[in-house]
Structure formats: structure tokens, C-alpha cells
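Work through the exercises below with the structure open. Each one has a task and a stepwise solution.

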Amino acid sequence: MDIERFTDIIARFLAVSGKILPDDIVKKLAELKAAEHMPLAKSVYDSMSRNQDLAASLDRPSCQDTGVVNFFVSAGENFPGLGKIAGALREAVVRATAEAPLRHNTVAIFDEKNDGTNVGERAPFVHWDIVPGSDKVKVETYMAGGGCSLPGRAITLMPSAGYEGIVQYVFDTMVDWGINACPPLLIGIGIAGSVENASILSKRALLRPLGSHNPNPRGAEMEGLLEDGLNRLGIGPQGLSGSSSVMGVHIESAARHPSTISVGINVGCWAHRRGAIVLDKDLSYEILSHKGVRL
Amino acid sequence: MNKVLRTPISDSDLEDIRIGDVIYMDGILVTCRDVAHRRLIEFHRELPVDLKGLAIFHAGPIVKKLPDGKYQMVSIGPTTSMRMERFEKEFVRQTGVKIIVGKGGMAEETEEACRTYKALHCVFPGGCAVLAATEVEEIERVEWMDLGMPESLWVNRVKGFGPLIVSIDAHGNNLFKKNKAVFNERKDRLVAEISEKVRFIQ
Ligand code: SF4
């Protein structure tokens with residue numbers, strides 16, 4: 001596997017993903033804009049679409065906060081050079097930082113220094129999955145901005161609180177913190193037996209394409225109920241009131257302990273800079289999130 | 001016609017403006033966020049820019065240095081204003097700044113500052129950073145570069161800068177506070193309604 005080429009592809013893909021939103025998000029924002037009737041909210045949607053047009057034509061990051069980069073790698077067990085991927089992803093962030101450019105965002109814990117590279121201790125954070133029988137690798141990229149990371153939180157509830165407790169927690173988070181996170185938001189919820197698992201799942205939930213559903217019928221039903229309910233809060237774009245509040249609600253789950261029900265929440269802002277690219281072993285690639293984009 | 005404010009802005013310019021109005025501005029807009037506020041208020045350091053009658057922007061931009069030594073604004077959008085709430089009242093009093101631009105609302109102290117010292121808090125749509133950058137005509141100078149790119153004071157000359165949605169007016173009305181009361185009231189009803197349908201533990 002040509003690791004130099006792999007690095008180059010990821011660096012260029014990262015740069016693009018900071019400038020152009022994924023297809024599903026573009027489509028959803030257009031739908032929400034069309035359905036909006038409050039004048040103030042409409043004018044905000046107008047600014048958003050003008051901004052995305054300018055970002056594409058001037059080739060610039062659409063939001064100045066290009067976040068701290070997270071990678072989710074689904075590695076086929078037969079993909080060659082698995083051991084080199086983490087290093088290549090790190091190098092790709094350094095290159096994209098200079099070339100895109102990305103804002104200098106990584107601050108070292110304790111030393112409180114920002115060396116301007118966007119890499120550092122466990123940054124970029126890389127999450128791994130092994131895919132049996134496959135010789136491809138899927139790399140999902142996510143730029144976690146400050147505004148949309150702020151509402152993130154997790155809690156372990158007692159079973160007596162039930163799923164009703166999750167509903168309350170989601171609505172509290174949305175009203176208290178969601179307003180500042182540049183709505184309309186994508187809401188990711190993880191349900192598990194302990195907070196770290198719930199939290200990871202809540203971030204994974206944000207990577208699911210819009211329109212996908214939790215595989216469990218009750219899970220899918222709960223996603224729908226929350227989406228409808230949060231929209232009826234009427235938070236609107238930028239929290240200025242409007243006909244909707246969210247682009248979607250995604251729930252991911254893992255079996256829990258009988259005594260606990262943990263819930264994690266992560267939100268994605270309207271500028272949801274998520275990318276998904278699949279590379280096969282000879283490094284030809286397919287971009288899943290941004291069809292028609294060339295690197 | 002859109003209302004356009006030009007710096008230097010006087011108290012009387014703000015009198016007829018109300019929350020929910022959309023305005024634009026021409027003139028000088030200076031980026032000023034967490035550490036700059038802290039330096040002035042907690043460390044009593046003098047700001048290197050006289051903000052009287054001007055506007056500040058809670059923002060950390062991406063800026064490019066050009067071969068001729070000038071700077072180009074690449075991408076600049078608002079950051080969460082609430083982080084500056086602790087300092088803002090004193091900041092407005094000491095500087096005489098007239099417009100604070102950011103995102104999300106601000107709370108009681110800023111409300112009081114806007115009422116007492118006649119100022120506005122406005123929202124520039126978050127995430128619209130290229131749009132904002134194209135409304136910057138020129139970066140006139142930069143101060144406190146030791147703070148790094150996002151935190152430096154970038155002194156921008158802007159033209160038609162907006163849309164700026166007024167969230168706190170010079171009479172102390174607060175759009176986000178009003179909205180939040182409505183959201184909270186709806187929340188209780190909605191949570192009760194949905195909870196009925198997710199009683200999966202039986
Ligand atoms: S919340 Fe998202 S769109 Fe808003 S400023 Fe942060 S990264 Fe940009």
C-alpha cells in the first residue's frame with residue numbers, strides 16, 4: 001500500500017469536507033429552508049446558503065471553526081498496511097491544516113499550548129472497527145467545532161427513570177445548550193450501560209446519514225418522536241425561533257446493565273462537516289458523503 | 001431599506017432599534033474574545049484599540065498573511081457570546097463600545113450594560129464565516145498577536161456587515177431570554193407527551 005498516496009487522499013478529502021457540506025445535509029437544509037415561514041428564520045437560511053456558495057466558489061472553509069479532527073476507521077481485516085494508517089491520518093491533518101487551511105485548534109492539556117499543527121496528544125482521536133473478510137478501509141472524518149461540542153454530555157440514570165428520563169435529558173440539553181450550537185442541529189444519542197460507551201455511541205450516531213433509522217422498531221420510533229417533539233420546540237436557525245429545531249435525531253445503542261441506563265448526547269451543528277470515504281487495497285476510492293466531488 | 005449604522009456610533013443612533021430588527025454596519029469592527037476581555041477586566045491592561053463608538057466581534061478568524069505583508073480575512077464567524085458574559089458589563093462601561101456581535105444570547109449583566117451605557121448585542125448567523133469575510137474590506141491592523149490567530153485583536157474595516165439580528169437592544173430588551181421562556185414552556189408539555197409513548201421498561 002502506497003502510504004504517501006493514502007495520506008495525500010485523506011488530506012485533500014479533509015480539506016474539501018471543511019468547505020462543502022455532505023449531500024444529505026445540503027438536501028435537508030434546503031428542505032427546512034423551504035418549509036420555514038418566519039421571516040427572520042428565512043433570512044438566516046438565506047445567509048447560510050449564500051455562505052456555502054461563497055465557500056465553494058472562493059475555496060475557503062465554510063465555518064472558521066474547523067474543529068478538532070476525529071477519525072472513525074472501519075478497517076477490513078485484509079486491508080494491507082493497517083499499522084500505518086494512524087500515522088498517515090495524523091500527517092494528513094498536518095497537511096490539511098496548512099493547505100485548506102484549517103484553524104489552529106488543538107490545545108495541549110496541562111501545558112495549555114497551541115502549536116498550530118492541529119495534532120497533539122491523542123489528536124486526531126482515532127476510533128477503530130475491524131470488518132471481517134473485507135480488504136477495504138472506510139475512513140469517516142468529523143470536524144468537532146467548539147460551539148457544537150459544548151452541549152455534549154452524558155449521565156447514568158437509574159432504571160426507574162426509564163426512557164422517559166432520556167427524553168427529559170435530551171430536551172433539557174437542547175433548550176439549555178443547543179441554542180448556542182448553531183441550530184438546526186443533528187442530535188446524536190447513545191444509550192448503554194455506562195457513560196463512556198453511551199458517549200462514543202452518541203458521536204457515532206452523528207456519523208449516520210440523514211434518513212437512516214435505528215434498526216430496532218422502538219428505537220426508530222423514539223427517534224421519530226424526539227425529532228418531531230424537538231421541532232415543535234420551534235428553536236429555529238441560530239435559536240431565533242422558527243418552524244424547526246433539528247435536522248434529525250439518531251440513536252445508537254448497546255445492551256445495558258440491569259441497574260443502569262446511561263445516555264450520552266452529542267450534537268452536530270448545521271455546518272455538519274462529516275465525511276465518509278472508502279479506499280480499496282490499490283487505493284482507488286469512493287466518496288460516500290460528497291458525491292461528485294473530485295480530490 | 002436596511003438600516004445601516006456607521007461608526008462612530010452615538011447613543012441616539014440606537015434609540016429606535018428593537019430586538020428582532022435586522023441591521024447592517026459600516027466602519028470599524030474589532031475581534032475581541034475571551035482573553036482580551038480577561039486582560040482588560042481582570043489584569044487591568046489597557047486595550048491597544050480605542051473602542052469608543054465602535055463595534056466588537058466575538059470571533060476567532062482564519063487569516064492569511066499576504067506577500068506584501070498585509071493580512072487577508074479568509075473566514076470569520078461568531079463564537080458563543082455567553083462566554084464573555086462575566087466581563088461584558090464592565091467591558092462596555094470602560095470602553096464605550098456600541099455594538100457587540102456574536103452568537104447565541106447574553107444574560108442580565110449585558111442587558112444592564114446595554115440599557116445603562118446604550119449599546120446593542122447582535123447575532124451574526126453562526127457558521128456563515130465566508131460571507132462575513134467577504135464583508136471585510138480591509139484588515140487595518142492587528143494587536144496582541146501574542147495571543148495567537150483566533151484571539152488577536154483584528155481591526156477590520158467592514159462594509160454592509162450583516163445581517164446583524166438585534167438580540168439585546170439599548171433599552172435592555174432581550175430576544176433570547178424571551179424565546180427561552182417560550183421554549184421552556186413548550187418543553188414541559190412535549191416531554192410529558194413523548195414520555196407516555198416510551199414506557200419500554202415495564
Ligand atoms: S457551532 Fe458549528 S457552525 Fe457554529 S461556529 Fe461552531 S463549528 Fe461553526
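**Exercise 1. The interface between the chains**

Task: Start from one ion pair, Glu193(B) and Arg232(A), and characterise the contact between the two chains.

Solution.
Step 1. This is a predicted model. In it, the side chains of Glu193(B) and Arg232(A) form a salt bridge, with 3.1 Å from N to O. That distance passes the 4 Å cut-off for a salt bridge.
Step 2. Count the salt bridges between chain B and chain A: there are 3.
Step 3. Add the polar contacts. Chain B and chain A share 20 residue pairs of this kind, both residues at pLDDT 80 or more.
Step 4. Assign the chain B side to elements. Those giving two or more residues are strand 5 (71-75), helix 5 (129-134), strand 9 (153-168) and helix 6 (175-195) of chain B. Helix 6 of chain B gives the most, with 13 residues.
Step 5. Sort the chain B side by class: 27 residues are nonpolar, 14 polar and 9 charged.
Step 6. Take the totals. In contact are 50 residues of chain B and 51 residues of chain A. The two chains bury about 4,300 Å² between them, and 66% of it lies on carbon and sulfur atoms.

**Exercise 2. The sheet of 5 strands in chain A**

Task: Which strands stand at the edges of the open sheet of chain A, and why is one side of each without a neighbour?

Solution.
Step 1. Write the order: 2-1-3-8-9, with mixed pairing.
Step 2. Read off the edges. Strand 2 (125-131) and strand 9 (285-287) of chain A each have a single partner strand, so one side of each has no neighbour in the sheet.
Step 3. Get the twist. Neighbouring strands turn by 15° against each other on average, direction ignored.
Step 4. Check one pairing. Strand 8 (residues 274-279) and strand 9 of chain A are antiparallel, over 3 bridges. Ile277(A) has Ile287(A), in strand 9 of chain A, as its bridge partner.
Step 5. Place the helix. Helix 4 (residues 85-99) of chain A packs on this sheet and touches strand 1 (68-76), strand 2 and strand 3 (137-144) of chain A. Its direction makes about 150° with that of strand 1 of chain A.

**Exercise 3. The sheet of 4 strands in chain A**

Task: Describe the open sheet with the order 4-7-5-6 in chain A.

Solution.
Step 1. The pairing in this sheet is mixed. Strand 4 (153-157) and strand 6 (246-253) of chain A are the edge strands, each pairing on one side only.
Step 2. From one strand to the next, the twist averages 15°.
Step 3. Strand 4 and strand 7 (residues 261-268) of chain A run antiparallel, joined by 5 bridges. Ile155(A) is bridged to Val263(A) in strand 7 of chain A.
Step 4. Helix 6 (residues 162-176) of chain A lies across strand 4, strand 5 (185-192), strand 6 and strand 7 of chain A. This helix runs at about 155° to strand 4 of chain A.

Methods:
Residues are numbered from 1 along each chain as its sequence is written. Chains are lettered from A and ligands numbered from 1 in the order in which they are written. This is a predicted model: local features need pLDDT of at least 70, side-chain atom pairs count only at pLDDT 80 or more; totals for chains, interfaces and linings use all residues. Side-chain values use heavy atoms; hydrogens and water are left out. Contact means heavy atoms within 4.5 Å. Buried area is the accessible area (1.4 Å probe) that two parts lose on being put together, summed over both. A polar contact is a pair of N or O atoms within 3.5 Å; within protein, one must be able to donate a hydrogen and the other to accept it, and residues adjacent in sequence count only if both atoms are side-chain atoms. Ala, Val, Leu, Ile, Met, Phe, Trp, Tyr, Cys and Pro count as nonpolar, Asp, Glu, Lys and Arg as charged, and the others, Gly among them, as polar. Two strands pair if DSSP finds at least two bridges between them. Axes are lines fitted to C-alpha atoms, for helices over the stretch in contact, and angles run from 0 to 180 degrees between N-to-C directions.
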